[in-house]
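Please read the points below with the sequence and the model open beside you. They begin with the ligand and then turn to the strands.

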Amino acid sequence: MVLSPVLGKLVSKRVVLASASPRRQEILTNVGLRFEVVPSWFKETLEKSSFAAPFEYAVETARQKALEVANRMHVKHMRTPDVVIGADTIVSVDEQILEKPVDKQDAYRMLSRLNGKEHSVFTGVAIIHCHSKDSKLEMEITDFYEETKVKFSELSEELLWEYIHSGEPMDKAGGYGIQALGGMLVEYVHGDFLNVVGFPLNHFCKKLAELYYPPSKHNVQHKKYDSIPSVDTFENLSDGESESSNFTEHKGASKLDSSGKHSSGGVYTSENSSGVRTGFTVPLENQNGVSQRPPEVPSKILELMDGFRASKALLVASKLKIFDHLKHKGPLKAVDIANEIGTSVCGTERLLDACAALGLLEKTPQGYGNTDSVNTFLTSDGEYSLHGYIIHSNDHLWPLFTNLESAIKEGSRQNHRAFGKKAEDLFKDYYHSQEGKQCFMAAMHSIARLTARDVATAFDLSRFKSACDLGGCTGALARELVQIYPNLKVTVFDLPEVIANISYFQPSGQHTAPVTFVSGDFFKDKLPEADLYILSRILHDWPDEKIHVLLSKISALCRPGCAILLAEMVLDDEKKNRSTALLQSLNMLVQTEGKERSGSEYQALLEQHGFTNVKIRITGNLLDVILCVKT
Ligand SMILES: Cc1cn([C@H]2C[C@H](O)[C@@H](COP(=O)(O)OP(=O)(O)OP(=O)(O)O)O2)c(=O)[nH]c1=O
């Protein structure tokens, strides 16, 4: 579960952890971050005496570790990560820096110095946002450090040597691991425990929040340490939720070129014929003789303007199963892929090159290959495959969005224009053919798979004995729930035509508690009894009148203490920040009578039916979660 919504900002980015430390990997994995591990080759040999304080050494080493990986990945693979995270942990006692011991004697020397005393553990962290521009690597680097004080008990020689012989000290700063046997040596810890283990998670989340939701200028607070001078030109991204937007320039980040040098804002850089970057300023005068500078290239606007091209390239590559072929047979040349899928070589090559430039494929002399995240999310057999939703987007949503202009003018859905037939009930439209049914179910299944863990764990549901997932489709969320809450009996209630097709989506060979499937129409038929009713991506399909019908049916079945769990994209109350959810609301306009709603709008609907104590969790994943209780 992503407790810190700001971590959700990293979900759509290619994040690289420039560290071999298994502890750092574990800390970040445990909070749901997805990242690749590329250990840094930077040798920790900076001259310690050149730093005024121990923490400066840790911060600089972290920066150099991350810079080495960012540069290497850019040059070697021509695949630029979006974010590279580096860290360095040191122990400091009596102004001396202790790193990892080189041998047992060294470990003994270190532990003897720590014996019976208080020392500091510093972890320096560098977060580099990378951007490839004209095949040049541009970086914005943010760094910070965290200090934790640790006191060792008075330890006997015998105990120290026993500990050293355990082998634990060897890959750890200061020669101990507080998280394991070394914990027995420690009398107290003041500060962030995870910082000692190698990664100050709390400070990291705060730093991300500063970067992605920068405070307004008059509200900027000065931190206790920041090695980067602040730059005035950082833009305050008003759309803090634009997951797809590139990290441009943010408060507290400094801009570097690939050599790691800072560049100042407002200087235009270009490349001359010999590949050397030159900076120049062009003086311009307007009619009044006042010198003017042309506005900076509106990269966000340009990106949005062309966004549909990138989307369509992704949709078509998926539809043509290019990612599937590359997963099983890659790397492949364009001509081989074209032959496999029966397409033109020239068109296929352009599509592959575009996908490579968009970061979806790797292009090497051997041919094109999938990136790791494409293997996970875009191939049709990936565990968290979005393939179903992508095909639905290509075949169904794309034609509907083509008619967005009419939808805005008329304020209603566009199925008749997109598909040449009068819109019936939303689901009758989808389920009119076996193919349409399977396509829609695959789309819903893929989103449910990706979000089920966050939805199931947004609140502690262990007090409930039975749950009914209304419109629970293939049962993906239900299965996650029974896995997390073994005492919960979950029933999925959905239309007969859905239940008839669920077998295709059942996992094979998994020994989890069974889920019960019951068919019916939740507007017309009797609902199964349960302590907890789940509505995941259901209410957004319907107008308020229909929602009242459904909520009053549920309310009539609920005793006090029973609850409703909603999973939806929740808009902010002012409806101005969460672009993904606001675009989803347009998506509902073109195809349904429903819409996305804000937290207070859901609260008002629920309270009218006796559901109070409404709690909202913004998960940072595609779906947010609301829990309310019948009183
Ligand atoms: C003090 C202490 C350190 N450590 C670990 C955290 C770090 O992994 C290690 C310090 O070495 P680092 O050089 O910070 O990290 P590393 O060599 O493990 O990985 P990389 O350089 O690739 O990033 O010591 C513990 O696990 N427990 C502890 O109690």
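1. The ligand is surrounded by 21 residues, of which the closest are Ser19, Ala20, Arg24, Lys65 and Lys100; a residue counts as near a molecule if one of its heavy atoms lies within 4 Å of it. This is a predicted model, in which local features need pLDDT of at least 70 and side-chain atom pairs count only at pLDDT 80 or more, while totals for chains, interfaces and linings use all residues. Residues are numbered from 1 along each chain as its sequence is written, and side-chain values use heavy atoms, with hydrogens and water left out.

2. By class, the shell around the ligand holds seven nonpolar, six polar and eight charged residues, where Ala, Val, Leu, Ile, Met, Phe, Trp, Tyr, Cys and Pro count as nonpolar, Asp, Glu, Lys and Arg as charged, and the others, Gly among them, as polar. At least two residues of this shell come from each of α1 (22-30), β3 (83-93) and α5 (193-197), and β3 gives the most, with three residues. Helices (H or I, at least four residues) and strands (E, at least two) are DSSP runs, numbered from the N terminus.

3. Three side chains place a polar atom beside an oxygen atom of the ligand: Lys65 at 2.6 Å, Arg24 at 2.7 Å and Asp88 at 3.2 Å. Of the 600 Å² of accessible area that the ligand has on its own, the protein covers 95%, as computed by the Shrake-Rupley method with a 1.4 Å probe.

4. Further along the chain, seven strands form an open sheet with mixed pairing, in the order β17-β16-β15-β18-β19-β21-β20; two strands pair if DSSP finds at least two bridges between them. Because β17 (516-519) and β20 (611-617) stand at the edges with a single partner strand each, one side of each is left without a neighbour in the sheet. From one strand to the next, the twist averages 20°.

5. Within this sheet, β15 (residues 466-470) and β18 (residues 532-536) run parallel and are joined by four bridges, with Cys468 standing opposite Tyr533 in β18. Helix α20 (residues 544-557) packs on the sheet and touches β15, β18, β19 (563-568), β20 and β21 (624-630), contact meaning heavy atoms within 4.5 Å. The direction of α20 makes about 160° with that of β18; axes are lines fitted to C-alpha atoms, for helices over the stretch in contact, and angles run from 0 to 180 degrees between N-to-C directions.

6. A hairpin is formed by β13 and β14, with two residues between them. Strands β13 (residues 361-364) and β14 (residues 367-370) run antiparallel and are joined by four bridges, and Thr364 stands opposite Gly367 in β14.

Key
Polar contact = N/O pair within 3.5 Å; in protein donor to acceptor, adjacent residues only side chain to side chain.
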